[in-house]
Amino acid sequence: MPTAARITAALCLAALAWLVSDLIKPLFDEDKNFGSFNLVNFCIGFLVGWKVVGSRAGRGVGAAINNGLTGGAVALFWVLLVHSFYRMFRISMRGRYDGALDAGGAAFKIMADYALLIATPTIILTFVAGSALVGLIAELVSRRAS
């Protein structure tokens, strides 16, 4: 059921995903075509904010920070998973893998490579602080709405 806390958490985590996506872009090659990179991350952030952070709002400040950090970690996992499997699919269409097991293993290697690439202090601090703030904002809205 839609609540003010769910909508707020979804929009805030989606905005954070968009912001961090813009911070990630300079880490890749200049000629990389990002296409709908920000939009995919925005949608994942929205869904995770709705399902994870917004649904758990209203349990106190400590829980709010934990909910925000959990939501950020879940969003990061899904973003990495989606983008790594998309890249694996594009590579597999060129016949680079011997089979499905090889392709699946490569997707998780790509996921680990992406995680190492974006593990910079700026991105980590922005994402951790932003995730905690999303949880606190959802908690504040939950208290005001009830």
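This dialogue walks through a predicted model and a few of its features.

Q: What does the overall fold consist of, in terms of helices and strands?

A: In this predicted model the protein has five helices and zero strands, so that reading along the sequence gives the pattern α-α-α-α-α. The C-alpha trace spans about 55 × 30 × 25 Å along its principal axes, and among contacts between residues at least 6 apart in sequence, 77% join residues at least 24 apart.

Q: How many of the residues, as a percentage, count as buried, and what share of the accessible surface belongs to carbon and sulfur atoms?

A: Of the 146 residues, 38% count as buried, while the accessible surface comes to about 8500 Å², with 66% of that area belonging to carbon and sulfur atoms.

Q: Is Ser142 buried or exposed, and which residues does Ser142 touch?

A: The term buried is reserved for a relative accessible area under 20%. Ser142 counts as buried because its relative accessibility is 16%. This residue lies in helix α5, which covers residues 121-145, and, leaving aside residues up to four places away in sequence, Ser142 touches Ala5, Ala57 and Gly58.

Q: How many salt bridges does the structure hold?

A: Side chains of opposite charge can pair when their charged atoms come close. The structure holds three salt bridges. Lys25 pairs with Asp22, with the closest N and O atoms 3.9 Å apart, whereas the side chains of Lys109 and Asp113 meet at 3.2 Å, N to O, and Glu139 forms a salt bridge with Arg143 in which the closest N and O atoms are 3.2 Å apart.

Q: Where do the partners Lys109 and Asp113 lie, and where do Glu139 and Arg143 lie?

A: Lys109 and Asp113 both belong to helix α4, four residues apart, which is about one turn of the helix; Glu139 and Arg143 are likewise four residues apart, about one turn, in helix α5. As for accessibility, Lys109 counts as exposed at 53% and Asp113 as partly exposed at 37%, while Glu139, at 4% relative accessibility, counts as buried.

Q: Which residues gather in a patch of positive charge on the surface?

A: The patch of positive charge on the surface is formed by Lys32, Arg87, Arg90, Arg94 and Arg96. One of these residues, Arg94, lies in the loop between α3 (61-92) and α4 (100-118), and Arg94 counts as exposed because its relative accessibility is 52%. Over the protein, the mean positions of the 13 positive and 8 negative charges are 13 Å apart.

Notes:
Residues numbered from 1 in each chain as written. Predicted model: local features only at pLDDT ≥ 70, side-chain atom pairs only at ≥ 80, totals over all residues. Heavy atoms only, no water. Patch = residues over 30% accessible without salt bridge, like charges linked within 9 Å, V, L, I, M, F, W, Y side chains within 5 Å. Areas by Shrake-Rupley, 256 points an atom, 1.4 Å probe, with all protein chains shown as cover. Salt bridge = Lys/Arg side-chain N within 4 Å of Asp/Glu carboxyl O. Lys, Arg positive; Asp, Glu negative; His and termini not counted. Charge placed at Lys NZ, Arg CZ, Asp CG, Glu CD. Helix = DSSP H or I, 4+ residues; strand = E, 2+ residues; numbered from the N terminus. Buried < 20%, exposed > 50% of the residue type's maximum accessible area, 1.4 Å probe, protein only. Contact = heavy atoms within 4.5 Å.
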